[in-house]
Amino acid sequence: MHKLAPIFAQISEFLMKVVYDRKKCIGCGSCAVVCADFWEMAKDGKAILKKGKLNQKTTKYEVVFEWTDERGCNSDAVDVCPVKAITLED
Ligand code: SF4
């Protein structure tokens, strides 16, 4: 869990955006293990950001979510991704 998660959890309407650059994914599966609420593996061997919308300008997938303990697992996904395909933005 991200070290700031307890602080974020106290702010009920704290919104963050998880951003996924699918072109970088090497299909290790780690994000789906640590954050199954948001990540799963596709038949092509790469990760899928569940409910992710493609940003046509950046060609990356994005989901805005309210920070909670469970959803904070996205920070774990950021940490475990070996190719830095996942980032968090506020
Ligand atoms: S952790 Fe990164 S490289 Fe591994 S499956 Fe997820 S997005 Fe792809």
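## A look around the fold

In this protein, 66% of the contacts between residues at least 6 apart in sequence join residues at least 24 apart. Please keep in mind that the model is a predicted one.

Let's start with the overall layout. The protein has three helices and six strands, and they follow one another in the pattern α-β-α-β-β-β-β-α-β. Of its 90 residues, 22% count as buried.

Next comes the sheet. Four strands make up an open sheet with the order β4-β5-β1-β6, and their pairing is antiparallel. β4 and β6 (86-89) stand at the edges with a single partner strand each, so one side of each has no neighbour in the sheet. On average, neighbouring strands here are turned by 35 degrees against each other, direction ignored. Helix α3 packs on this sheet, where it touches β1 (15-20) and β6. The direction of α3 makes about 135 degrees with that of β6.

How are β4 and β5 joined? Three bridges link these antiparallel strands, and N55 has K60 in β5 as its bridge partner. As general background, strands of a sheet pair through backbone hydrogen bonds, either parallel or antiparallel.

Now for some loop residues that you may like to find in the structure. K51 and T59 each have a positive phi without being a glycine. Here they are side by side:

| Residue | Loop | Phi | C-beta neighbours inside 10 Å |
|---|---|---|---|
| K51 | between β3 (47-49) and β4 (53-55) | about 65 degrees | 11 |
| T59 | between β4 and β5 | near 60 degrees | 10 |

Are these two residues buried or exposed? K51 counts as exposed because it has 11 C-beta neighbours inside 10 Å. T59 also counts as exposed, with 10 such neighbours.

W67 offers another view of a loop. This residue lies between β5 (60-66) and α3 (73-80), and it counts as buried because 24 C-beta neighbours fall inside 10 Å. What separates W67 from M16 in sequence and in space? The two are 51 residues apart along the chain, while their C-alpha atoms are 6.7 Å apart. M16 falls within the range of β1 (15-20), one of the strands that α3 touches.

Finally, have a look at the ligand. It is surrounded by 14 residues, and the closest are C25, C28, C31, A47 and C81. By class, this shell holds 11 nonpolar and three polar residues, with no charged ones.

Conventions:
Residues numbered from 1 in each chain as written. Predicted model: local features only at pLDDT ≥ 70, side-chain atom pairs only at ≥ 80, totals over all residues. Near = placed C-beta within 6 Å. Nonpolar A, V, L, I, M, F, W, Y, C, P; charged D, E, K, R; others polar. Helix = DSSP H or I, 4+ residues; strand = E, 2+ residues; numbered from the N terminus. Buried ≥ 20, exposed ≤ 12 C-beta atoms within 10 Å, placed from the backbone. Contact = placed C-beta atoms within 7 Å. Pairing = 2+ DSSP bridges. Axes fitted to C-alpha atoms, helices over the stretch in contact; angles between N-to-C directions.
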